[in-house]
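Me: Got a protein open here that I've never looked at before. Can you walk me through it?

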Amino acid sequence: MAARKGRRRTCETGEPMEAESSDAGTEGPAQVYLPGRGPPLREGEEMVMDEEAYVLYHRAQTGAPCLSFDIVRDHLGDSRTQLPLTLYLCAGTQAESAQSNRLMMLRMHNLHGTKSPPSEGSDEEEEEEDEDDEEERKPQLELAMVPHYGGINRVRVSWLGEEPVAGIWSEKGQVEVFALRRLLQVVDDPQALATFLRDEQARVKPIFAFAGHMGEGFALDWSPRVSGRLLTGDCQKNIHLWTPTDGGSWHVDQRPFVGHTRSVEDLQWSPTEDTVFASCSADASIRIWDIRAAPSKACMLTTAAAHDGDVNVISWSRQEPFLLSGGDDGALKIWDLRQFKSGSPVATFKQHVAPVTSVEWHPQDSGVFAASGADNQITQWDLAVERDPEAGDVETADPGLADLPQQLLFVHQGETDLKELHWHPQCPGLLVSTALSGFTIFRTISV
């Protein structure tokens, strides 16, 4: 198919799930399954993961499902690819009862890569060694939990100097800030963790809370440029600006930014300008704002009909003047902010067949992004990929692949009710997602 130097895009291993027949009488070769594009699975067929499509793949469950999480930057180094990996996540639950919810710090470690298949001539001794090796390669999970009344809609983590904090949106209509230093300490020390869970967790309270939204919400973003500056948006169409104060607290401007007519779904600060941010809404619009103006006049640019319906998520590229959006229409759109006034995206991709639930640019590779959808797909894309004329035989061999967008690198399946994904900022190519079925941590051969 299409390939860029250092990038692999293939028709069989580029799709992690293959359809195989479990009926011996109808057994045939494995086929790539393309959701929404090919025939549905027939009786006797089942989905089988193609492990050769992954460099690393792990799953984890935490009891109650999590709608949202964030990756906590750590002190283990940047650009690390050596296995096994260690990572830290902060997440919040959506439990069946309000009092059963938890804010959680997770330490996942001993994350090894996928194993190569056994050779045909392997003997019993090699198999025993493989079993010992398998025991040593088991992934590990440490979990520090804090009780939280009310389901947690969104979690975003920031470092305020040397202090890690989490901003969380709650279904009870409050935005709270929690200090994370103690939770990070105890997940590294089993003895301290046991003490914390026994004696301390019930006493942990937020260091700040704001109830002025008068209802619940989902949109929340820490400024990457001004430490402690925060934006929060609610389902009542209001956006509020938080400014850190000298005493380790915040001043929240009671005057909301005026412009959206329905729920504010997502917010993103500009990575290059201290005072500029973007928002998207259930009113189908995307807006660009500048906080130097009064809240009633701060909206500088608007694309009123960015999607056919709700715009659920946006991501602002750290390297290029691009904004990525995903909507209820299943479309992914790229907006060049230098041409935003035109109201037309520079690219539109339609692989998802249900609402897009999360989008994010790769933190290091400027043309790469990932998206998740309510169709239980995670897709990886590369804007730099162009179709290779010499690879036309692949499309001929499998006509079902011929109409795929050439920038589509990979489709990951197998999750249930996908909610959110993030690239790890310090482990190139590593993606983490949360769904009703739990967390998935993986790196594909394509990125």
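Me: How much of the contact network in the protein chain joins residues at least 24 apart in sequence?
Reply: Among contacts between residues at least 6 apart in sequence, 60% join residues at least 24 apart. Contact here means heavy atoms within 4.5 Å. Keep in mind that this is a predicted model, where local features need pLDDT of at least 70, side-chain atom pairs count only at pLDDT 80 or more, and totals for chains, interfaces and linings use all residues. Residues are numbered from 1 along each chain as its sequence is written, and side-chain values use heavy atoms, with hydrogens and water left out.

Me: How many helices and strands are there?
Reply: The protein chain has four helices and 31 strands. Those are DSSP runs numbered from the N terminus: helices are H or I with at least four residues, strands are E with at least two.

Me: And what share of the residues is buried?
Reply: 52% of the 447 residues. Buried means under 20% relative accessible area, exposed is over 50%, and partly exposed is in between, using a 1.4 Å probe and protein chains only.

Me: What about the nonpolar core, which residues have the most contacts inside the largest one?
Reply: V72, C90, L103, M105, A144, V157 and I168, in a core of 21 residues. A nonpolar core is a set of buried Ala, Val, Leu, Ile, Met, Phe, Trp, Tyr and Cys residues joined through side-chain atoms within 4.5 Å. Elements that each supply at least two residues of this core include β6 (85-93), β7 (101-111), α2 (181-186) and α3 (190-200). There's also a second, separate core of 18 residues, with L85, L87, M104 and L111 among them.

Me: Let's zoom in on L103. Where is it, and is it buried or exposed?
Reply: L103 is in strand β7, and it counts as buried because its relative accessibility is 1%. Leaving out residues up to four places away in sequence, L103 touches C90, A91, A144, M145, V146, H148, I152, I168 and F178.

Me: I168 again! What else does I168 contact?
Reply: Beyond its neighbours within four places in sequence, the contacts of I168 include L103, H148, V175, F178 and L220.

Me: Switching to S68. Where does S68 sit?
Reply: In strand β5, residues 66-71. S68 counts as buried because its relative accessibility is 0%.

Me: What does the side chain of S68 pair up with?
Reply: It makes a polar contact of 3.1 Å with the side chain of E420. That term covers a pair of N or O atoms within 3.5 Å; within protein, one must be able to donate a hydrogen and the other to accept it, and residues adjacent in sequence count only if both atoms are side-chain atoms. A polar atom of the S68 side chain also lies 2.9 Å from the backbone nitrogen of V155. Among the residues S68 touches are A91, G92, N153 and T434.

Me: Which residue shares a side-chain polar contact with N312?
Reply: D328, at 2.9 Å. N312 is in strand β21, residues 311-316, and counts as buried because its relative accessibility is 12%. N312 also touches E265, D266 and C280, among others.

Me: Where does UniProt put the WD repeat feature?
Reply: The unreviewed UniProt entry places "repeat: WD" at residues 257-292, 304-338 and 349-383. Over 304-338 the chain is 0% helix and 49% strand, with the end C-alpha atoms 17 Å apart. Over 349-383 the chain is 0% helix and 51% strand, and the end C-alpha atoms are 11 Å apart.

Me: Any backbone oddities? Which peptide bond is cis?
Reply: The one from L83 to P84, with omega near 0 degrees. P84 is in the loop between β5 and β6. S79 is in the loop between β5 and β6 too, and has a positive phi of about 55 degrees although it is not a glycine.

Me: Why mention the sign of phi?
Reply: Because most residues other than glycine have a negative phi, and most peptide bonds are trans. D417 also has a positive phi, about 60 degrees, and is not a glycine. D417 lies in the loop between β28 (408-412) and β29 (418-423).

Me: Last one: how many disulfides?
Reply: Zero, where a disulfide is a pair of cysteine sulfur atoms within 2.5 Å.

Conventions:
UniProt positions are given in the numbering used here, feature names are shortened, and annotations may be inferred rather than shown by experiment.
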